Amino acid sequence: MIKKGLLALLISGSAYANVLPENLLWHTNWDDPVFASPEATRGGTLRSYMLSFPQTLRSVGPDANSGVRSYLMDGAPKLAQRHPDTGNWIPQLANEWAFGDDQKTVYFKLNPSAKWSDGKAVTADDYLFMLTYYRSKDIVDPWYNDFFQSSISSVEKFDDYTISIELAEPKSNDELMSLLNTPSNGVQPRPKHHFAKISDANGDGMDDNFVRKYNFKPEPTTSPYYIDKVKKGKSITFKHVGADWWGYENKYYQHRFNVDKLRLKVIRDNDIARKHFDKGSLDTFAMVLPHLWHEKANTEPFQRGFIHKFWGFNQTPQGAGGLWINTSMPLLSDINVRKGITYATDFDGMIKNVLRGDYSRKPHAMGFGHGKYDLASATPPSFDPKKAAHFFEQAGFEQIGPDGVRVNAEGQRLSFKITYGYTIWTPRIAYLKEQAKQAGLEFDLNLVDGSAAFKFILEKKHQLAFLNMGGGDIPAYKEYFHSSNANKPQTNNHTNYSTPELDKKIAAFKSEFDVEKKQKLSRDIQQDISDAYVIVPGYMVPYTRDAYWRWIKFPANPMTKKTGAMFNILGTSNFWIDEDLKKKTLEAYKKGASFEPVTIIDDRYKL
């Protein structure tokens, strides 16, 4: 009798062949609707800009988190993707997938047509190499080192186009797929052939000089776009692989990725970039900020109908955020003080009066857009100075000082600093400061520039933090509220709040793989967070808003539920460049012609 392992060896001729479990149920999905338009035409160069030239073209390692990283990693194909309207899983690099009985392992049948941008085939060996790549200390990236050591247990090869990936902890099938296909976590093949000749004295499979050697040496990609030209300090040009790109065999990729090139030019100031756009040197310009949309979109090219405006609503997941209260700071451990701060913080007024009513209020501090994981009954607390005053009095702040700020019997003033990172936010927080005075509360503005603000918050030096975090399909709780992350620097527990009861629920949520039970735990956790008054729910921006020259075209229904940036060449947006119209438009502009001004609003997915 021939054993399975020996049989596999005889068939494959390889001593390293593995055997697939019997009775695997393979899944695929070619039945969901397409979301791109057959009206689209190919061609043209999309001209855009970046504020600074990246310090590296690596997607991992020192300085890799730059503005071009989304083109190098986040936007590249994964094994599968959620359909942007139905939410069902659809094929990308894998045509089929199956789940192991251990609730930790997912099996994938790779698309044998998939190729790297240099023409080499994408195979199982590139996924095996993925572990070598991310676990190597030579990439100098502790986050990826840790994730691929602690979260990904193994990658196994069964043949050139069949693999399995085992996670460290059991999860529901949907959560397994979510984790393995999150845009930024890096679970995607790495081109083994690109790193064939290496110097590897430490024996971990990667070049010991990886950071330096590959600093400006782009890797091949599975994406439709690869880096074609680099003018250091000036520009980067991405070029389309061509009409024979492997992805066009996939119906969900058809009629997408329509421009031939993307040219990113360095323009170090947004206002200067907007002037370049007005002159026709850039094709599109993001107008999400209210002052841009309402005050700056009235120049001559707009008035003459050469530049159009687009406002499209989406339903992308919104992460945790608002005003984070650091409970380890004096006075802020008192829940009555936190309740008072909550009702004295006028986010609704800020949205109406400072942000022109464009933004929306988060219903819950932990965000929105997670389906049944969200507490459906959640409503953000309203601004109520009288209620705030009541809670402040309960905390002992019964007297009003000569400056209008409440004091307690010990003479402590009810005054807290709000830490934030961008000058553009100053008017927003200044509005909160003025409104809080009605309850006898003083907010001081503590502007700490850019990334230094987040470092300041990570080190737990803040009293209050004005901050929004990113979010995925499933809410994250351990990083924000588990005791293992409280009162520790360099963690995301920005409130330093935890309880034994909350720890138990978070642990149960993390290990639960029954979806309905997990969703129920999520709602319970969200209720506990609401009851703790540790984050005042802030605002969210559930839309994209852009200006564009009239030669940029898109179909009647341009948005999907998950469309982020409208003119992202690797996104789910549907646009193209009409080269003939561009030529006619430029001629008409020179002749002084005018067209009817155009503003398009796609509100099909407005919340």
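**Exercise 1: a pocket lining**

Sort the residues that line the second largest pocket into nonpolar, polar and charged.

*Solution.*
Step 1. Get the classes straight: Ala, Val, Leu, Ile, Met, Phe, Trp, Tyr, Cys and Pro are nonpolar, Asp, Glu, Lys and Arg are charged, and the others, Gly among them, are polar.
Step 2. Do the sorting, and you get 15 nonpolar, 5 polar and 3 charged residues.
Step 3. Keep in mind what you're looking at: it's a predicted model, where local features need pLDDT of at least 70 and side-chain atom pairs count only at pLDDT 80 or more, while totals for chains, interfaces and linings use all residues. Residues are numbered from 1 along each chain as its sequence is written, and side-chain values use heavy atoms, with hydrogens and water left out.

**Exercise 2: what builds that pocket**

Which elements give two or more residues to the lining of the second largest pocket?

*Solution.*
Step 1. A pocket is an open set of points on a 1 Å grid over the protein atoms alone, with protein on both sides within 12 Å along at least five of seven lines; a cavity is a set where a 1.4 Å probe fits but cannot get out, and lining residues have an atom within 4 Å of a point.
Step 2. Volume is the space filled by probe spheres set on the points, which are joined across faces, edges and corners. For this pocket that comes to about 490 Å³.
Step 3. There are 23 lining residues, and Tyr422, Trp425, Leu467, Asn468 and Tyr539 lie nearest the centre. Helix 14 (451–458), strand 19 and strand 21 (539–540) are the elements you want; helices (H or I, at least four residues) and strands (E, at least two) are DSSP runs, numbered from the N terminus.
Step 4. The top contributor is helix 14, with 6 residues.

**Exercise 3: closed-off spaces**

How many cavities of 30 Å³ or more are there, and which residues line the largest one?

*Solution.*
Step 1. The count is 2.
Step 2. The largest cavity holds about 70 Å³ of space. Its walls are Tyr225, Arg256, Phe257, Asn258, Val259, Asn568, Ile569, Gly571, Ser573 and Phe575, that is, 5 nonpolar, 4 polar and 1 charged residues.
Step 3. The second largest cavity has about 40 Å³, lined by Gly322, Phe347, Trp425, Phe466, Leu467, Asn468, Gly538 and Tyr539. Strand 19 (residues 464–468) gives the most here, 3 residues. No charged residues turn up in this lining, just 5 nonpolar and 3 polar ones.

**Exercise 4: two odd phi angles**

Is Phe257 buried or exposed, and what is its phi?

*Solution.*
Step 1. Most residues other than glycine have a negative phi.
Step 2. Phi of Phe257 is positive, near 55°. His255 also has a positive phi, near 65°.
Step 3. Find them in the chain: His255 is in the loop between strand 9 (235–240) and strand 10 (261–266), and Phe257 is in the loop between strand 9 and strand 10 too.
Step 4. Phe257 has a relative accessible area of 6%, so it's buried; the cut-offs are under 20% for buried, over 50% for exposed, and partly exposed in between (1.4 Å probe, protein chains only). His255, at 36%, is partly exposed.

**Exercise 5: around Phe509**

Which residues does Phe509 touch, leaving aside its neighbours within four places in sequence?

*Solution.*
Step 1. Phe509 sits in helix 16 (residues 500–511) and is buried, at 6% relative accessibility.
Step 2. Contact means heavy atoms within 4.5 Å. That gives Tyr373, Ile474, Pro475, Tyr477, Lys518, Leu521, Ser522 and Ile525.
Step 3. For a distance, take Phe509 and Gln519: 10 residues apart in sequence, 8.3 Å apart C-alpha to C-alpha.

**Exercise 6: the whole chain**

Why can you call the protein chain as compact as a globular protein of its length?

*Solution.*
Step 1. Count the elements: 18 helices and 25 strands.
Step 2. The radius of gyration is 26 Å, close to the 25 Å the globule rule gives for 607 residues, so the chain is as compact as a globular protein of that length. The radius is taken over C-alpha atoms, and the rule is 2.2 Å times the number of residues to the power 0.38.
Step 3. Along its principal axes the C-alpha trace spans about 85 × 75 × 45 Å.
Step 4. Of the 607 residues, 52% count as buried.
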